[in-house]
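Q: Hi! Could you walk me through this one, starting with a term I'll need?

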Amino acid sequence: MARSAPARVRQGLRLRRPAEFHDRRDFSPALAAEISRLERTRNYLGAGATRTALRLWQEVTADPYRRLRVDSKGCGVWECCGDPLEAREMLEGVLLALPARLTPEFQAYLRRIDEQW
């Protein structure tokens, strides 16, 4: 059986991006890597916590019935029905923990979401 050339084998491989933000086209690779690093090193964040908080905050700002959702407790599971205001506070903590060179990019992303509120 013939052996494939190493260059041909590498062509089929995908480059790995930071774990939780690999499909998030809105973030630069540097910001995605820094958020992944923060999630690994900070005790108030877990793996994927920033992504979950972004999803919760985007859902509540896009929902016309957001007042009903904010006032109800839901099922109590953070990933499903977490408190969106708590999620926004967590995103603010992530914003404050980012290095100064990446803060404007994340701040602009949050501002676009906040404008819907």
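A: Sure! Buried means under 20% relative accessible area, exposed means over 50%, and partly exposed is in between (1.4 Å probe, protein chains only). This is a predicted model, where local features need pLDDT of at least 70, side-chain atom pairs count only at pLDDT 80 or more, and totals for chains, interfaces and linings use all residues. Residues are numbered from 1 along each chain as its sequence is written, and side-chain values use heavy atoms, leaving out hydrogens and water.

Q: Cool. Is Arg55 buried, exposed or partly exposed?
A: Arg55 counts as partly exposed, at 29% relative accessibility.

Q: And which residue forms a salt bridge with Arg55?
A: Glu59 does, with the closest N and O atoms 3.0 Å apart. A salt bridge here is a side-chain nitrogen of Lys or Arg within 4 Å of a carboxyl oxygen of Asp or Glu.

Q: Where are Glu59 and Arg55 in the chain?
A: Both are in helix α3 (residues 49–62), and because they are four residues apart, about one helical turn separates them. Helices are DSSP runs (H or I, at least four residues), numbered from the N terminus.

Q: New topic: how many salt bridges does the structure hold?
A: Four. Among the residues involved, Arg88, Glu92 and Asp114 are linked in a network. Arg88 meets Glu92 at 3.0 Å, N to O, and Asp114 meets Arg88 at 2.7 Å, N to O. That second pair links distant parts of the chain, with Asp114 in helix α7 and Arg88 in helix α6, 26 residues apart.

Q: So is Arg88 buried or exposed?
A: Arg88 is buried, with a relative accessible area of 17%.

Methods. Helix = DSSP H or I, 4+ residues; strand = E, 2+ residues; numbered from the N terminus.
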